[in-house]
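Grab a pencil and work through a few short exercises with me. Each one has a task and then a solution that goes step by step.

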Amino acid sequence: MRTGKVYLVGAGPGDEKLITVRGLECLKNADVIVYDRLANPRFLRFARPDAEFIYCGKFPKHHTLRQEAINELLVQKAQEGKRVVRLKGGDPSVFGRVGEEAEELAKHGVEYEIVPGITAGIAAPAYAGIPVTHRDYGTSFAIVTGHAKTADGKPVVDWASLSGIHTIAFYMGVKNLPHICKNLMKHGRKPQTPVVLISWGTLGRQKTVQGTLETIVREVNAADLKNPAITLVGDIVSIRDKIQWFERKPLFGRRILVARTGGEKGNLAEALTEQGADVIEYPYFAVCERDDETVQQTIERSGEYEHILFTSPESVDFFFAAYRRSNRDIRLLKARFYTLSQRTERKLREMGLHSERPSSLADREKVLVVGDVSVVERTESYEAEWGECDVLAVYEKKECMEYNVNMVRLLKDAGVDAIVFPSAASVPILIDALERREIDPLPFLSSKMLVCMGEKTADAVRSVGCGTVHVAAAPSIEDLMACLMQETIVN
Ligand code: SAH
């Protein structure tokens, strides 16, 4: 049996791109992933579809796994020969209890690695426009917990020695903010010392409240800022006005749901994130190739077809992958190619292949329709439209359950102010996915700004009973951006 191993991985502070290359590599190879609230659930989609997920944070109706139980679980899974990733927010060594977990693993002779991550106390300030050290403002930086497991939850801090440190990042300190400010002033900090609280740092949901030791408690209460947040104290905070960058992005503060139909790479989501938006892609499907006898036999006979219709970009990828595996010469394919969308058309064009829309299918010779498993049940409707058809399912879409369940939690938690529908097909898929997670689709959609790529998509949204629909002038990222920026809905 393979010997198991545990990777104690820092997921970074929030923005999924801030995980390390090593961390992502571990995640992609893991058999088991143990994660908690602070590790961005978006990571789960990088995992293998057959990986086992274990959530150990607070969850409605679920109990929190206690630390001892987590330790035991890591040991047990590794002893079963599994590659286990324990994914933690930020850096595992910074208030991440990695020491306790590693000690337990060492005690049981289980092999492990610690993969560092970017800690929130440095990253959240950076995304708020504050470097934690600066030659002109401060040469020392401290990381301090603002919470402790004492009877009153107050941190055990040597306030006198802390008073000489220029910049201090308090973790878990929102509840004890009055206590922190009071003690800092009592031990020599000027009441005018700048303070900033940054919640959900590095994410589109980032919120920042700035003040001084004297005023910050009032301001944080007024802004209703909550955990997770970093409290940063020091003169360096004043530089923020000059070098702020993240919060100046055009879509900063916008929370956008991008409806999805498959497992395609989310270019749209990526572009919106790049502009500062907090993007949730939902629902998410893993795309699994099918390579059975039917696929092989149909590929063998594919040279006989005069017409081949590709129903999605993935159908192009998997058809030609199967074709290559069959070792046949590509020139044996003499069919004309048809596609239903620009994206699929582009996919073929990248391979130097021309395609047309099936409306030009006039002579009604037999068509081979290539797609996911749903093409089998749609055979009749294809035949009604294009005459005699054979269908070929070259892949299968499987719902990424763990990811989708977590995304709905985010949807409910963070709320979204806009929904982008990239295609007409994405409309019924989103509605179905909301219903299955007990969200009533119509009120949900009606309270958001609905943005559609193209008129056909807009019609699909209108047909489910949604009134105001925005349509991007052309199906491009630039037009979508322009559409989203027309009005800002704050909810
Ligand atoms: N290991 C983590 C810290 C875990 S303790 C790290 O290195 O970042 C949990 C605390 O981290 C939270 O209470 C909050 O103070 C801070 N934190 C984690 N993620 C954060 C984020 N995205 N923005 C602001 N603070 C965050």
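**Exercise 1.** Decide whether asparagine 327 is buried, partly exposed or exposed, and say where it sits.

*Solution.* Keep in mind that this is a predicted model. Start with the relative accessible area, which is 71% for asparagine 327. Exposed means over 50%, so asparagine 327 is exposed. Next, find its place: asparagine 327 belongs to the loop between helix 11 and strand 15 (336-339). Finally, look at the backbone: its phi is positive, about 60°, although asparagine 327 is not a glycine.

**Exercise 2.** Do the same for methionine 172.

*Solution.* Here the relative accessible area is 37%. Since that falls between the limits of 20% and 50%, methionine 172 is partly exposed. You'll find methionine 172 in the loop between strand 7 (167-171) and helix 6 (177-186). Its phi is near 55°, again a positive value in a residue other than glycine.

**Exercise 3.** Work out how helix 11 and helix 12 are arranged, and which residues make the contact.

*Solution.* Two packed helices are described by the angle between their axes and the distance between the axes. For helix 11 (residues 313-325) and helix 12 (residues 342-350), the axes come within 8 Å and cross at roughly 30°. Angles under 35 degrees count as roughly parallel, so that is the label for helix 11 and helix 12. On the helix 11 side, the contact uses Pro313, Val316, Asp317 and Phe320, while helix 12 brings Arg343, Thr344, Lys347 and Leu348. Sort these residues by type and you get four nonpolar, one polar and three charged. Phe320 also turns up in a cluster of ring pairs, together with Phe310, Phe319, Tyr323 and Phe337.

**Exercise 4.** Classify the ring pair of tyrosine 127 and phenylalanine 246.

*Solution.* The structure has 17 aromatic pairs in total. For this one, the ring centres of tyrosine 127 and phenylalanine 246 are 4.7 Å apart, and the planes are at 65°. Planes over 60 degrees apart count as edge-to-face, so this pair is edge-to-face. Now place the partners: tyrosine 127 is in helix 4, and phenylalanine 246 is in the loop between helix 8 (240-243) and strand 11 (255-259). They are 119 residues apart, so the pair links distant parts of the chain. Both partners are buried, with tyrosine 127 at 12% and phenylalanine 246 at 6%.

Another pair of residues to look at is alanine 126 and isoleucine 243: they are 117 residues apart in sequence, but their C-alpha atoms are 9.6 Å apart in space. Alanine 126 is in helix 4 (residues 120-128) and is partly exposed at 32%.

**Exercise 5.** Explain why cysteine 452 has no disulfide partner.

*Solution.* Look for the closest cysteine sulfur, which is in cysteine 483, 8.5 Å away from the sulfur of cysteine 452. A disulfide needs the sulfur atoms within 2.5 Å, so 8.5 Å is too far for a bond. A search of the whole structure agrees, finding zero disulfides. As for surroundings, cysteine 452 is buried at 0% relative accessibility.

**Exercise 6.** Find two cis peptide bonds and the loops of their prolines.

*Solution.* One runs from asparagine 227 to proline 228, with omega near -5°. Proline 228 lies in the loop between helix 7 (216-223) and strand 10 (229-233). Another runs from tyrosine 282 to proline 283, with omega near -15°. That proline 283 is in the loop between strand 12 (278-282) and strand 13 (285-289).

Methods. Residues numbered from 1 in each chain as written. Predicted model: local features only at pLDDT ≥ 70, side-chain atom pairs only at ≥ 80, totals over all residues. Heavy atoms only, no water. Axes fitted to C-alpha atoms, helices over the stretch in contact; angles between N-to-C directions. Helix = DSSP H or I, 4+ residues; strand = E, 2+ residues; numbered from the N terminus. Parallel < 35°, antiparallel > 145°, perpendicular 65-115°, else oblique. Contact = heavy atoms within 4.5 Å. Nonpolar A, V, L, I, M, F, W, Y, C, P; charged D, E, K, R; others polar. Buried < 20%, exposed > 50% of the residue type's maximum accessible area, 1.4 Å probe, protein only. Phe/Tyr/Trp six-rings, centres within 6.5 Å; stacked < 30°, edge-to-face > 60°.
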